[in-house]
Amino acid sequence: MDNISISKITFEHYPDGFGIGHPAPRLSWRFSGEANNWKQVAVELKVLVNPGTSSQSSETFRIETSESILVPWPARSLKSRDIAEVSVRAIGEKLSTPWSAPATVEVALLDRSDWTADLIESEVTQPVDDTKRPVVFQKEFVVDSIRESRLYITAHGIYDAKINGKRVGDHVLAPGWTSYNHRLNYQVYDVQSLLREGMNTLVIEVGEGWYAGRLGFMGGVRSIYGEQIGLIAQLEGGGSVLAKTDTSWTCGTGPILKSELYDGEVVDLREETKAPNSVIVKDLDKEVMLAAPEIPPVRCTEDIIPVSISKSPSGKVIVDFGQNLVGWVRVNLNPFGPECEGKTIQLSHVEVLENGECASRPLRLAKAQDSITLSAQVPEEYWEPKFTFHGFRYVQVDGWPTESASPTINDLTARVVHTDMEQAGWFECSDAMVNKLHSNVRWGMRGNFVSVPTDCPQRDERMGWTGDLGVFAGTANFLYDTHGMLGNWLADLAAEQFEQDGVLPPPVVPDVMQFAGPRQPLAVWSDVTVTAPWDIYQNFGDASILRQQYESMTAWVDQGLPRGPNRLWSKTTHQLGDWLDPSAPPQDPGKALTDSQLVANAYLVHITGTLAKISTILGYAERAASYERDFEELKVIFQNEYITPNGRLASDSQTAYALIICFDLCTNDYQREGSGERLEFLVRNNGFKVATGFVGTPLICRALSISGRDFLAYRMLLEKKCPSWLYAVTMDSTTMWERWDSMLPDGSLNPGDMLSFNHYAFGAIAQWLHEVAGGISALEPGWKKILFRPVPGGIISSASVRHLSAYGMIECHWKLENSGHRFKLEILVPLNTTARVVLPGQIEDGGVEVGSGRHEFSIEYAADARWPPKPIHPPPPFYHAEPDEFAG
């Protein structure tokens, strides 16, 4: 029996409706339940504004539309602090949903004039070139009667707020990292339950964080955004301001002696919180936007207990949490009595062990150590840091002040921290190692999406490298709802790109690379101005991200990109190219097999064609036609420069062929087949091992599939020898690595100084798992129409993939039965969407069109006769082939 309803209403791309920065937010609603071939034909909306107040108003609207995502706000524009309740009823031709439960939206402070709070700093000047001790700001205020109350707050640094001794909210590392000179995010909290009639105390501690701490490698730079820690806070209740930052506040210090992102936190619990000092008021630059962001907050989302506690060969206590993660360790203080006063516990965080000891070399100049000096009476049951985070699986514990000198598994808890995006993608198959690979991809993304999408979370870097995100965005958008986070990050990219009338995008966002010299144009990295918004649009179907970033895109392509006489890239530019190709020496990660100019120019042709599509979508017909002409002309120039009539390339590498196949840069089918054949030779000749870096890795399996060689893509996927995706799995990895051989087969570490064990870029293989092995991809932006086209292969006999789209859950489950001779498929198409189903053996333009609901298919199946493929090696005695587990 059909039973459908609306499960969730969202406003723009906010994680919830509380504290948004839009006066007329677009509405989306997600469906639950199943019904065959159901489509929305109209919608009814009830909007109740400011319920229970003298300004209450109620309206009901009926809109004839099939759209259920990003529907324009139907009522009057909302003002700062307005609250509205929205209910939705979706109308179908024969079946309609019941009215949804009301979803509440509350507007934050839309105008700078809504802020009466000042920016305050301590009167005690802090050091510019050294660690800044966190500042405790304090204010007492009187509440006559407890009514609806909101705290609006942000900081130059990272804040932790308490009212009457109770913590405000569950955000951590707030307000997050933005380009502080352009955009400063603020948060809104409902604090009514924390207030009491009479005297109240608001205490806000602010650490240096990204604003004033040390950032960057090679020693980095301190105080990039400002030299002093600062705070802006405004507490409102019952229509009036109860407390706001101004000269009436006092400040001082607490038990935290220092807290740095890279080095960790040092706390002495014997120190009392004192605020004897006055504050000074500073002007916040009027050019800085105070933003109520769509990005979800950073939160602790999971707790993990140790899997083992042991002694190293040198006698050190080492705690293994079984998972490389990002966050920190919470310490149980209950075992410590007065006799422990003055004793210091030190926690040293690392990702891997070498020879049984904690391997700190990959951290470079980051200490990644937290230390706690105990007091006679512990102030709380647990301790955890406030203003730092670490990337780690193992923790070395020194100075544990009990008779055993070692904690138990109940004494330490790893707290997993990341931007709290909604999970949207799941994959599993019949092969346990492939499942582990996919888990590693997801954990790598979680650990590196902490306020900004970083390259790594553990060493003295942790920066928002554009190239890393550019190659991984498609995977990220499938796994999590990234729109709010990446939209926030791209807004910073554009703001920094246009600094001082410039047009070059920074290589990292926010840009803290001033210590490395002037910006340089970089293909792939700079091209993220085009590729990332396009990938976001493809997954979420919201053209506003294209409009938001259009000026950034065109400025880069039209003005920033340096060209030679033939309009391709200037041959005098340095390129990072296929970064970290496995052939690159440990100390020269850019020395790849593939010509970096070919990489740059393939991307140039590709982004030019993408810009033509974007211009068309936005209605810029003349610019679309211009970019389309440029695309066709550049494609011919590229072909003449790099591709022979038979499809061979001037740069004979896996990455080069993957680029021209995926970007469709060949002239004709004959040339395409020649390129596919040559790619097959290179893959087989390399024993199915990976020979690609950052650029080629996301494309290599897709290129093999496009060229009709799925069997080779599966063979590469299942390879276990280094370099391969499963090699790290055989080495007990739990996240993706920066290098294919970050750890060598004997357990020793790669000698290079770039040695992260949590780097998501090579995890872009997951997009191929979702689309080909799993079998789902979007036929139209935003998943309004879905392609189900699973392709079995290799030794995998079943796979399941799910994606939580804006319309609802998409599911695809397939398995081989009858000794592999029958293929069975079950799919779930969300309400208000349609799909095309292409079964094995059918061409992609064929298949069957289906509507919403659950559908099953069963056909006879014959496996690809080309499996297992054989490697190409010289005959003995010139070559001694290693055993092939799939041969015969």
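**View 1. Where the charges sit in this predicted model.** The mean positions of the 78 positive charges (Lys and Arg) and the 112 negative ones (Asp and Glu) lie 2 Å apart in the chain. His and the chain ends are left out of that tally, and each charge is placed at NZ of Lys, CZ of Arg, CG of Asp or CD of Glu. Residue numbers start from 1 along each chain as its sequence is written. As this is a predicted model, local features need pLDDT of at least 70 and side-chain atom pairs pLDDT 80 or more, while totals for chains, interfaces and linings use all residues; side-chain values use heavy atoms, without hydrogens or water.

**View 2. The big nonpolar core.** Buried residues (under 20% relative accessible area, 1.4 Å probe, protein chains only) make up 60% of the 888 in the chain. The largest nonpolar core, a set of buried Ala, Val, Leu, Ile, Met, Phe, Trp, Tyr and Cys joined through side-chain atoms within 4.5 Å, has 206 residues. Leu173, Val331, Trp725, Trp768 and Phe788 have the most contacts inside this core. Helix 7, residues 596-617, chips in 11 residues, the most of any contributor; helices here are DSSP runs of H or I, at least four residues, numbered from the N terminus.

**View 3. Zooming in on Trp725.** Which residues is tryptophan 725 in contact with, leaving aside its neighbours within four places in sequence? Counting heavy atoms within 4.5 Å as contact, the list is Leu437, Val690, Thr697, Ile700, Cys701, Met716, Leu717, Met736, Trp740, Phe762 and Ile765. Across the chain, 73% of contacts between residues at least 6 apart in sequence join residues at least 24 apart.

Conventions:
Buried < 20%, exposed > 50% of the residue type's maximum accessible area, 1.4 Å probe, protein only. Helix = DSSP H or I, 4+ residues; strand = E, 2+ residues; numbered from the N terminus.
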